[in-house]
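Got a minute to go through a model together? Have a look at it first, then we'll talk through the contacts.

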2 protein chains.
Amino acid sequence: MTTGRVAARRAATKDAILEAAWEIARSEGLGGVSMRPLAAALGMSAPSLYEYFAGKDAIYDAMYVQGNHALRERMQAITDLDRMSARESLVAGARAFVEFCNEDRARFQLLFQHSIPGWHPSEQAYAVAIENLELSRAHLESIGITHTRSLDLWTALVSGLASQQVANDPGGDRWLRLVEPAVDMFLSTEGGTK
Amino acid sequence: MTTGRVAARRAATKDAILEAAWEIARSEGLGGVSMRPLAAALGMSAPSLYEYFAGKDAIYDAMYVQGNHALRERMQAITDLDRMSARESLVAGARAFVEFCNEDRARFQLLFQHSIPGWHPSEQAYAVAIENLELSRAHLESIGITHTRSLDLWTALVSGLASQQVANDPGGDRWLRLVEPAVDMFLSTEGGTK
DNA sequence: GTCTATACTGTGATAGAC
DNA sequence: GTCTATCACAGTATAGAC
């Protein structure tokens, strides 16, 4: 990697494009990102965007990676997990996840609902999402929950809370408040110890 | 309502359009429904579609209503609910729902993920969905679960199972098999009786 | 009433001049 | 690298034949 002045400038422009794309996605909807207005927001012409991204799908792909990186940072920020009880760490993790989803509907749709017709994350982009999933698997393992069935039930429960929250009370806390009861319910049958 | 021969023919054509639209949605994806190929599949020209539907959104709207009607019929078909225990009826209801979602990804996306950019169900169409929700609320009420919190937790749990199943193991049973454990988990803290 | 023909606008993407 | 011009396709509107 040379990372000279040219490459740095190029990376800065790519970041600016993605930032503008997020802004449009939040105000117009995820599917409302179109190349010409996106370019106009940056004072450039639409074809110039293709100098930085191979196409619209590549832009979604980069946004997908950014979103997953943001999620990882958020989840890692609450990792005083070692000093917490199993229940406390599950509550903290689930709450952080639901809050993350609830902050930005467009981001939630891109990351978890694959809401763009015909678009799928590339293999490398998807790998970042898998890493995140692996982190939460490791978290559950650390508190003694290792069975695939238990992990699947946990992901269903947490993703269900998040999707209901985002879809039916965006920005509110109607399902966010259910994180604690949900964790207690989950632990009551998983027999969580520690 | 006259419902003469003309009106009947008209209704039959509308049904044919919707059927063709479902077929395209299942093979090309929900967002892959476009007017010209849709018309071609029926041996007509694209503008002719506008004789039957105000536009593409109106077609999605009618599909949304059809999907919700299908869901209602499915859920009502298993309503020997009175003769079941609370646990049995919850298992039957949740299993029927997850199976329904798992049968047709395009239908699931249309009904529950609002996956079409810029499209929202009309008020009348949404009312049909609300009726379905009301049916399951009544079901839970009949077995003594009345609190909003409990209902919200139930919808999160069941919709989470369905979305994980559809997204990560479409057509399979990885999360479908978790319906029974999920119901037991739910009842263990709701203290379901009867 | 229902169709075909045509055209307008917006989309993602490309070619080639500078 | 960035532009203008352009293409193929989308949804949609209108005109008018039958």
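Below are some questions and answers on how the chains and strands meet.

Q: What kind of model is this, and which pLDDT does a side-chain atom pair need to count?
A: Residues are numbered from 1 along each chain as its sequence is written, while chains are lettered from A and ligands numbered from 1 in the order in which they are written. This is a predicted model, with side-chain values based on heavy atoms, hydrogens and water left out, totals for chains, interfaces and linings using all residues, local features needing pLDDT of at least 70, and side-chain atom pairs counting only at pLDDT 80 or more.

Q: What area is buried between chain A and chain B?
A: The contact (heavy atoms within 4.5 Å) takes 25 residues from chain A and 25 residues from chain B. Buried area is the accessible area (1.4 Å probe) that two parts lose on being put together, summed over both. Carbon and sulfur atoms give 62% of it here, and the total is about 2300 Å².

Q: Which element gives the most residues to the side of chain A that touches chain B?
A: By class, that side has 11 nonpolar, 11 polar and three charged residues (nonpolar is Ala, Val, Leu, Ile, Met, Phe, Trp, Tyr, Cys and Pro; charged is Asp, Glu, Lys and Arg; polar is the others, Gly among them). Helices here are DSSP runs (H or I, at least four residues), as are strands (E, at least two), numbered from the N terminus. With 12 residues, the top contributor is α8(A).

Q: Which residue of chain B meets A:Arg174 in a salt bridge?
A: A salt bridge needs a side-chain nitrogen of Lys or Arg within 4 Å of a carboxyl oxygen of Asp or Glu, and the rule finds two across the interface of chain A and chain B. A:Arg174 is partly exposed at 34% relative accessible area, whereas its partner is buried at 6% (buried is under 20%, exposed over 50%, partly exposed in between; 1.4 Å probe, protein chains only). The N to O distance is 2.6 Å, and the partner is B:Asp152.

Q: Where does B:Asp104 lie, and how many residues apart in sequence are the parts it ties together with B:Arg26?
A: The side chains of B:Arg26 and B:Asp104 form a salt bridge at 2.9 Å, N to O. B:Asp104 counts as buried, at 7% relative accessibility. B:Arg26 lies in helix α1 of chain B and B:Asp104 in the loop between α4 (86-103) and α5 (105-112), so the pair ties together parts whose separation in sequence is 78 residues.

Q: Which residue of chain B pairs with B:Arg87 in a salt bridge?
A: B:Arg87 sits in helix α4 of chain B, and its partner, 93 residues apart from it, sits in helix α8 (residues 179-190) of that chain. B:Arg87 is partly exposed at 31% relative accessibility, and the partner is partly exposed at 34%. At 2.9 Å, N to O, the residue that meets B:Arg87 is B:Glu180.

Q: Which residue has a side-chain N or O atom 2.8 Å from a phosphate oxygen of DNA strand C?
A: Of the atoms of DNA strand C within 4 Å of the protein, 49% belong to sugar or phosphate and the rest to bases. Backbone atoms reach phosphate oxygens of this strand too: one of A:Val33 at 3.4 Å and one of A:Lys56 at 2.9 Å. The side chain in question belongs to A:Tyr50.

Q: Which residue puts a polar side-chain atom 2.3 Å from a base nitrogen of DNA strand D?
A: DNA strand D is surrounded by 15 residues (near means a heavy atom within 4 Å). Its phosphate oxygens lie 2.8 Å from a polar backbone atom of A:Ser45 and 2.5 Å from a polar side-chain atom of A:Tyr52. The base nitrogen, though, is approached by B:Arg36.

Q: Is B:Thr13 buried or exposed?
A: B:Thr13 has its place in helix α1 (residues 5-28) of chain B. Leaving aside neighbours within four places in sequence, B:Thr13 is in contact with B:Met44 and B:Tyr52. Its relative accessible area is 11%, so B:Thr13 counts as buried.

Notes. Polar contact = N/O pair within 3.5 Å; in protein donor to acceptor, adjacent residues only side chain to side chain.
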